[in-house]
Amino acid sequence: MPGATLIYMRDFLSSDQAFRFHVALRKELHWNQGVVTVFGKRHPIPRLEAWHGDPGATYQYSGSDHDPQSWTPTLQKIRAKLRLVREDFEFNSVLGNLYRNGADAMGWHSDDEPELGKTPCIASLSFGASRDFLLRHRTRKDLEPVKIHLETGSLLIMEGATQENWHHSIPRRRGKNSPGERINLTFRKILSQYSQCSR
């Protein structure tokens, strides 16, 4: 993938650990269904969301400012596990997405908001049902889209110029192969000044 830096760890957590975290996250996080404005009309976002982090880690996405809820015990445990992977993982916030079934999805986008810096480091963890994660280059039509099957307990690290050069999405999966519930956490660092990621 030209212009991207990705690392995928399929077995970052055991299936038992992932299950226990899933149950705890479902109960602890401050889940809500946001809205997005498209061509002047407001639509419910097709998933539930939760934004947690340090005080002041305000994040703007989908046209709204989001002030963080405080860290929960489970989020603190997961953040500590990430620090064991790399010491430069100094995340101060996390976005949770709860996909209730295959009808819930995430449209094409990049995590390129100014408060994340020019080259954000994002650590994405999956719990529950597996879902396809698609990536497509933002300008090069000669490159085929890339698909990563995100399994429960997996960790996907995106950094460098990935967000600058690539879009990603979670497509709908309806019908007999519709998956069950999935929780995704994307740990981020909100910058007080728009500086680059340390790595």
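Which side chains meet in a salt bridge at 2.9 Å, N to O? In this predicted model, the pair consists of Arg86 and Asp88. Arg86 is buried, its relative accessible area being 12%, whereas Asp88 is partly exposed at 27% relative accessibility. The pair does not stand alone, since Arg86, Asp88 and Glu159 are linked in a network of salt bridges. The count of salt bridges in the model comes to 12. Side chains of opposite charge can pair when their charged atoms come close.

Two further salt bridges were examined individually. The side chains of Arg26 and Glu181 meet at 3.0 Å, N to O. Arg26 belongs to helix α1 and Glu181 to the loop between β13 and β14, so this salt bridge ties together parts that lie 155 residues apart in sequence. Arg26 is partly exposed, with a relative accessible area of 36%, and Glu181 likewise counts as partly exposed, at 26% relative accessibility. In the salt bridge between Asp142 and Arg140, the N to O distance is 2.7 Å. Here Asp142 counts as exposed, with 54% relative accessibility, while Arg140 is partly exposed at 35%.

The nonpolar interior was considered next. In soluble globular proteins, nonpolar side chains tend to be buried together. The largest nonpolar core of the model comprises 25 residues, and the members that touch the most others are Leu25, Ile78, Leu82, Leu125, Phe127, Leu185 and Phe187. At least two residues of this core come from each of the helices α1 (15–28) and α2 (73–85) and from each of the strands β4 (48–53), β7 (93–99), β9 (122–128), β12 (155–159) and β14 (182–188). A second core, separate from this one, contains 11 residues, including Met106, Leu150, Leu156 and Trp166.

The surroundings of Leu25 illustrate how the largest core is assembled. Apart from neighbours within four places in sequence, Leu25 is in contact with Trp31, Thr74, Leu75, Ile78, Phe127, Ile183 and Leu185. Among these partners, Ile78, Phe127 and Leu185 are themselves listed with Leu25 among the core members that touch the most others.

Three residues were then described in their local settings. His52 is part of strand β4 and is buried, with a relative accessible area of 2%. When residues up to four places away in sequence are not counted, the contacts of His52 are Leu29, His30, Pro68, Gln69, Ser70, Thr72, Leu75, Ser93 and Val94. Along the chain, His52 and Val36 are 16 residues apart, and 20 Å separates their C-alpha atoms.

Ile157, located in strand β12, also counts as buried, at 2% relative accessibility. With residues up to four places away in sequence again left out, Ile157 touches Thr5, Leu6, Ile7, Phe89 and Ile122. One of these partners, Thr5, is 152 residues from Ile157 in sequence, yet the two are 8.1 Å apart in space, C-alpha to C-alpha.

Arg173 is placed in the loop between β13 and β14, the loop that also holds Glu181. The relative accessible area of Arg173 is 25%, and the residue is partly exposed. Not counting residues up to four places away in sequence, Arg173 touches Gly102, Ser130, Arg131, His149, Ser178 and Pro179. The C-alpha atoms of Arg173 and Asp88 are separated by 36 Å, the two residues being 85 apart along the chain.

Open space in the model was also assessed. Rolling a probe the size of a water molecule over the atoms shows where empty space is left. The largest pocket has a volume of about 460 Å³. Its lining is made up of 31 residues, with Arg47, Met106, Gly107, His109 and Asp111 lying nearest the centre. Met106 is also a member of the second nonpolar core. Strands β5 (59–61), β7, β8 (106–109), β13 (166–170) and β14 each supply at least two residues of the lining of this pocket. Classified by side chain, the lining has 14 nonpolar, 10 polar and seven charged residues. Strands β7 and β14 thus appear in both settings: each supplies at least two residues to the largest nonpolar core, and each does so for the lining of the largest pocket.

Definitions and conventions: Residues numbered from 1 in each chain as written. Predicted model: local features only at pLDDT ≥ 70, side-chain atom pairs only at ≥ 80, totals over all residues. Heavy atoms only, no water. Core = buried A, V, L, I, M, F, W, Y, C linked by side-chain atoms within 4.5 Å. Buried < 20%, exposed > 50% of the residue type's maximum accessible area, 1.4 Å probe, protein only. Helix = DSSP H or I, 4+ residues; strand = E, 2+ residues; numbered from the N terminus. Contact = heavy atoms within 4.5 Å. 1 Å grid on protein atoms, 1.4 Å probe; cavity = no way out; pocket = protein on both sides within 12 Å on 5 of 7 lines; lining within 4 Å. Points joined across faces, edges and corners; volume = space filled by probe spheres on them. Nonpolar A, V, L, I, M, F, W, Y, C, P; charged D, E, K, R; others polar. Salt bridge = Lys/Arg side-chain N within 4 Å of Asp/Glu carboxyl O.
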